[in-house]
Amino acid sequence: MDLELFLEILGIDSTSGQERRLAEFLKGRLGMAGQAGHDGVNNAGHGGAQAPAIQEFEVGDGTVNLLMDWSGTGHPSFVFCTHLDTVPPYISPSVELVKEGDLLPDGRRAEKDDTIIKGRGSCDAKGQIFSMYNACLELTKEGFKDFGLLLLTGEETGSHGAKAYTKDNPGGEFVLVGEPTDNCLASASKGTKSFEVTIPGKACHSGYPENGVSAVEEFVDMANKLRITDFPEDPLLGETTWNVGDMVSSNPQNILSPEIRFRIYFRTTFATDEVVQGRLLEACPPGTVIHAFGGDTPMRYFSDVEGIPSKAVSFGSDAPRLDKFARRAICGPGSILTAHTDKEYVLVSDLQAAVENDIRIFKTVSNELNIKH
């Protein structure tokens with residue numbers, strides 16, 4: 001594995017909205033720009049392996065999706081897929097050697113002598129790009145052809161790249177989405193539901209609160225009602241959770257709040273996906289205005305591959321938006337518990353295991369679907 005290449009990838013700031021620079025780097029470094037294999041040129045790629053033909057798809061917001069295609073058709077049956085963007089802030093990469101038993105950033109102990117790579121995107125999701133690309137190189141050396149690597153923009157901000165790709169392209173037989181799952185296959189994922197909520201109050205001098213209504217206190221009452229709401233627990237996906245963000249109440253400190261506005265984001269299960277909006281309405285005071293932004297439904301995924309453990313996950317991904325693929329799976333190196341934090345990291349052994357997993361998944365699926373070599 002060319003760790004210098006990985007560090008170059010990590011060295012490019014691709015926080016959401018700035019992915020284009022990384023896409024251009026990968027297009028130039030890893031393959032040949034042009035008409036997805038239709039020009040008949042046989043290029044030598046990274047490490048001497050067959051280079052992919054590359055298709056570029058404008059998303060419409062200044063970013064671009066990339067499809068690295070080894071099939072020569074422009075529409076490979078099996079697609080490895082992950083995202084180009086990362087959450088802010090950008091954290092530059094660093095590399096350290098660790099010994100067996102050393103403490104890792106998340107409190108675990110290293111199981112053996114290893115190399116740790118830290119920085120934004122190390123597991124979410126540049127580690128996915130790197131491991132999937134290396135799996136593609138190995139498959140190419142073994143003579144396989146009917147596969148590609150799809151790199152999407154805007155996953156962290158609403159899956160804009162996945163939506164654009166699905167709108168304009170036919171999909172395929174199978175897509176494997178790279179996310180930090182501790183190298184387990186995701187058996188299922190929670191859904192999401194997002195709402196903007198505006199709770200009204202009545203402004204008055206805070207020395208005489210009996211003459212007004214504090215929208216902030218109304219919010220507190222709503223939140224307490226939601227906290228004791230008995231959402232049914234799902235046997236596979238567990239509890240339904242929610243989080244509040246983007247809260248605004250611009251009243252001066254000596255005036256009761258006349259209005260509070262916020263976003264509330266639910267992680268739903270098969271048991272609760274259709275009921276959370278109703279429960280939110282029940283918890284809100286009269287006069288509340290709720291705007292639903294939609295989201296993804298809970299999903300089950302392909303997860304039956306010998307030698308790879310599986311588990312349910314609570315995070316979202318591009319997978320629900322890639323619905324033109326007949327079958328979908330999620331798997332990748334690193335932990336979701338360090339993703340989006342200043343402790344984000346991946347071990348080189350995790351990356352190597354991910355390459356082996358990706359190849360095993362591809363071969364399992366290709367045998368089942370008779371995907372051509």
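Colleague: Which elements each supply at least two residues of the lining of the second largest pocket?

Modeller: In this predicted model, that part is played by β17, which covers residues 345-347, and by α7, which covers residues 348-369. The pocket has a volume of about 300 Å³, and of the 16 residues that line the second largest pocket, Arg108, Glu111, Leu347, Ser349 and Asp350 are the closest to its centre.

Colleague: And how many of its lining residues are nonpolar, polar or charged?

Modeller: The lining of the second largest pocket has four nonpolar, five polar and seven charged residues.

Colleague: Staying with α7 for a moment, is Ser366 buried or exposed?

Modeller: Ser366, which lies in helix α7, is buried, with a relative accessible area of 5%. A polar atom of the side chain of Ser366 lies 3.0 Å from the backbone oxygen of Lys363.

Colleague: Now the largest pocket: which residues lie nearest its centre?

Modeller: Glu156, Gly158, Thr192, Tyr265 and Arg267 lie nearest the centre, out of 33 residues that line the largest pocket. The elements that give two or more residues to this lining are β10, β11, β12 and β13, the last of these covering residues 289-294. The space in the largest pocket comes to about 960 Å³.

Colleague: Which element gives the most to that lining, and what is its make-up by class?

Modeller: Strand β11 gives the most, with six residues in the lining of the largest pocket. Sorted by class, the lining of the largest pocket holds nine nonpolar, 14 polar and 10 charged residues.

Colleague: Let's look at β12, then. Where do its side chains point?

Modeller: In a regular strand the side chains alternate between the two faces of the sheet. Along β12, residues 259-268, Ile260, Phe262, Ile264, Phe266 and Thr268 point to one face and are buried, while Glu259, Arg261, Arg263, Tyr265 and Arg267 point to the other face and are not buried.

Colleague: How many bridges join β10 to β12, and how many join β11 to β12?

Modeller: Strand β10, residues 191-200, is joined to β12 by 10 bridges, and the two run antiparallel. Strand β11, residues 241-248, is joined to β12 by six bridges, and these two also run antiparallel. As examples of residues that face each other, Glu196 stands opposite Arg263 in β12, and Thr241 has Arg267 in β12 as its bridge partner.

Colleague: Different topic: how many cavities of 30 Å³ or more does the structure hold?

Modeller: The structure holds one cavity of that kind, and about 40 Å³ of space lies in the largest cavity. The residues that line the largest cavity are Ser189, Lys190, Thr192, Asp296, Tyr301, Phe315, Gly316, Ser317 and Pro320. By class, the lining of the largest cavity has three nonpolar, four polar and two charged residues.

Colleague: What about disulfides, how many are there?

Modeller: The count comes to zero disulfides. Cys136 is in no disulfide, and the nearest cysteine sulfur, that of Cys81, is 11 Å away. Cys136 counts as buried, at 0% relative accessibility.

Colleague: Why is there no bond between Cys331 and Cys184?

Modeller: A disulfide is a covalent bond between the sulfur atoms of two cysteines. The cut-off for counting a pair of cysteine sulfur atoms as a disulfide is within 2.5 Å, and the sulfur of Cys331 is 7.0 Å from the closest cysteine sulfur, in Cys184, so the two are too far apart for a bond. Cys331 counts as buried, at 1% relative accessibility.

Colleague: Last topic, the backbone. Which peptide bond from a proline is cis?

Modeller: The peptide bond from Pro88 to Pro89 is cis, with omega near -5°, and Pro89 is placed in the loop between β4 (78-83) and β5 (94-98). The peptide bond from Asp124 to Ala125 is also cis, with omega near 10°, and Ala125 is found in the loop between β6 (114-118) and α3 (126-141).

Colleague: And what is phi for Ser159 and for His340?

Modeller: Ser159 has a phi near 55°, a positive value in a residue other than glycine, and Ser159 sits in the loop between β7 (147-152) and α4 (160-168). His340 is not a glycine either, and has a positive phi of about 70°; the place of His340 is in the loop between β16 (325-330) and β17.

Colleague: Are those two buried or exposed?

Modeller: Ser159 counts as buried, at 6% relative accessibility, whereas His340 counts as partly exposed, at 42% relative accessibility.

Definitions and conventions
Residues are numbered from 1 along each chain as its sequence is written. This is a predicted model: local features need pLDDT of at least 70, side-chain atom pairs count only at pLDDT 80 or more; totals for chains, interfaces and linings use all residues. Side-chain values use heavy atoms; hydrogens and water are left out. Buried means under 20% relative accessible area, exposed over 50%, partly exposed in between (1.4 Å probe, protein chains only). Helices (H or I, at least four residues) and strands (E, at least two) are DSSP runs, numbered from the N terminus. Two strands pair if DSSP finds at least two bridges between them. On a 1 Å grid over the protein atoms alone, a cavity is a set of points where a 1.4 Å probe fits but cannot get out, and a pocket is an open set with protein on both sides within 12 Å along at least five of seven lines; lining residues have an atom within 4 Å of a point. Grid points are joined across faces, edges and corners, and a volume is the space filled by probe spheres set on the points. Ala, Val, Leu, Ile, Met, Phe, Trp, Tyr, Cys and Pro count as nonpolar, Asp, Glu, Lys and Arg as charged, and the others, Gly among them, as polar. A polar contact is a pair of N or O atoms within 3.5 Å; within protein, one must be able to donate a hydrogen and the other to accept it, and residues adjacent in sequence count only if both atoms are side-chain atoms.
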